[in-house]
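Here is a short report on a protein chain, written for the bench. Please look over the sequence and the structure before reading on.

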Amino acid sequence: ALSDASSYCFGALHYEGANWLTRNGRNIAILEVKSNAGQVIYNNFAVSGQWRRPGAKLASEDGPLRAIEAEFCGEPCNRRNDAEFKLLAEFCECSDASWQSMRATGVLWSKRPLCQSCAGAVQQLLEV
């Protein structure tokens, strides 16, 4: 199953060929999780930012993962609105508590390197 990312414009004024995603100033991430049997359990994308962004919804402050403050442009900020964090939190919420005992493999792709908070969220999932 493929994500529906091609349905969105990601803030660009119009589509500009095969690489129009590279013109987007925000980070974009994709998470796909498959069971050990190869069945897709979760597949979605997200765009960093707080307001009206396509893909995964904002991560809840009281969700299963904990974001930390990390530097952005020299200023500290809460990173729960990062694309990667949104995806990881949504995966946990969609799977209820079953993700804690799940045997699966996930691939997290991000246009930009993971910040300290998003790397920490990945680690939180791995430690369960």
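How many salt bridges does the count come to? The count comes to three salt bridges. Keep in mind that this is a predicted model.

**Salt bridges**

Side chains of opposite charge can pair when their charged atoms come close. The table lists the pairs with their N to O distances.

| Basic residue | Acidic residue | N to O distance |
|---|---|---|
| Lys57 | Glu93 | 2.9 Å |
| Arg80 | Glu61 | 3.3 Å |
| Arg79 | Asp82 | 2.9 Å |

Take the bridge between Lys57 and Glu93. The pair links distant parts of the chain, 36 residues apart. Lys57 lies in the loop between β2 and β3 (69-72), and Glu93 lies in helix α1. Lys57 is partly exposed at 48% relative accessibility. Glu93 is also partly exposed, at 27%.

Next comes the bridge between Arg80 and Glu61. Arg80 sits in the loop between β4 (75-78) and α1, while Glu61 sits in the loop between β2 and β3, so the pair ties together parts that are 19 residues apart in sequence. Are its partners buried or exposed? Arg80 counts as buried because its relative accessibility is 17%, under the 20% cut-off. Glu61 is exposed, with a relative accessible area of 65%.

That leaves Asp82 and Arg79, whose side chains meet at 2.9 Å, N to O. Asp82 is buried, with a relative accessible area of 9%. Arg79 counts as buried too, at 9% relative accessibility.

**The hairpin**

Strand β1 covers residues 28-35 and strand β2 covers residues 40-47. They pair in the antiparallel sense over seven bridges. Leu31 stands opposite Asn44 in β2. The two strands form a hairpin, with four residues between them. Which residue in the turn has a positive phi? Gly38 does, with a phi of about 90 degrees.

**The aromatic pair**

A pair of aromatic rings is described by the distance of the centres and the angle of the planes. A search of the whole structure finds one aromatic pair. Tyr42 and Phe91 form that pair, with 5.7 Å centre to centre. The planes are 65 degrees apart, and the pair is edge-to-face. It links distant parts of the chain: Tyr42 belongs to strand β2 and Phe91 to helix α1 (residues 83-94). The partners are 49 residues apart.

Tyr42 is buried, with a relative accessible area of 7%. Phe91 is buried as well, at 7%.

What else does Tyr42 touch, leaving aside its neighbours within four places in sequence? Its contacts include Leu31, Glu32 and Val33. Ala56, Leu87, Glu90 and Cys94 are also among them, along with Phe91.

**The nonpolar core**

The largest nonpolar core holds 18 residues. Leu31, Tyr42, Leu65, Phe85, Leu87 and Phe91 touch the most other members. Both partners of the aromatic pair, Tyr42 and Phe91, are thus on that list. Leu31, which faces Asn44 across the hairpin, is on the list too.

Which elements each supply at least two residues of this core? They are β1, β2, α1 and α2 (116-126). The largest share, seven residues, comes from α1. Helix α1 also holds Phe91 of the aromatic pair and Glu93 of the bridge to Lys57.

Conventions
Residues are numbered from 1 along each chain as its sequence is written. This is a predicted model: local features need pLDDT of at least 70, side-chain atom pairs count only at pLDDT 80 or more; totals for chains, interfaces and linings use all residues. Side-chain values use heavy atoms; hydrogens and water are left out. Two strands pair if DSSP finds at least two bridges between them. Rings of Phe, Tyr and Trp (its six-membered ring) pair if their centres lie within 6.5 Å; planes under 30 degrees apart count as stacked, over 60 as edge-to-face and the rest as tilted. Buried means under 20% relative accessible area, exposed over 50%, partly exposed in between (1.4 Å probe, protein chains only). A salt bridge is a side-chain nitrogen of Lys or Arg within 4 Å of a carboxyl oxygen of Asp or Glu. A nonpolar core is a set of buried Ala, Val, Leu, Ile, Met, Phe, Trp, Tyr and Cys residues joined through side-chain atoms within 4.5 Å. Contact means heavy atoms within 4.5 Å.
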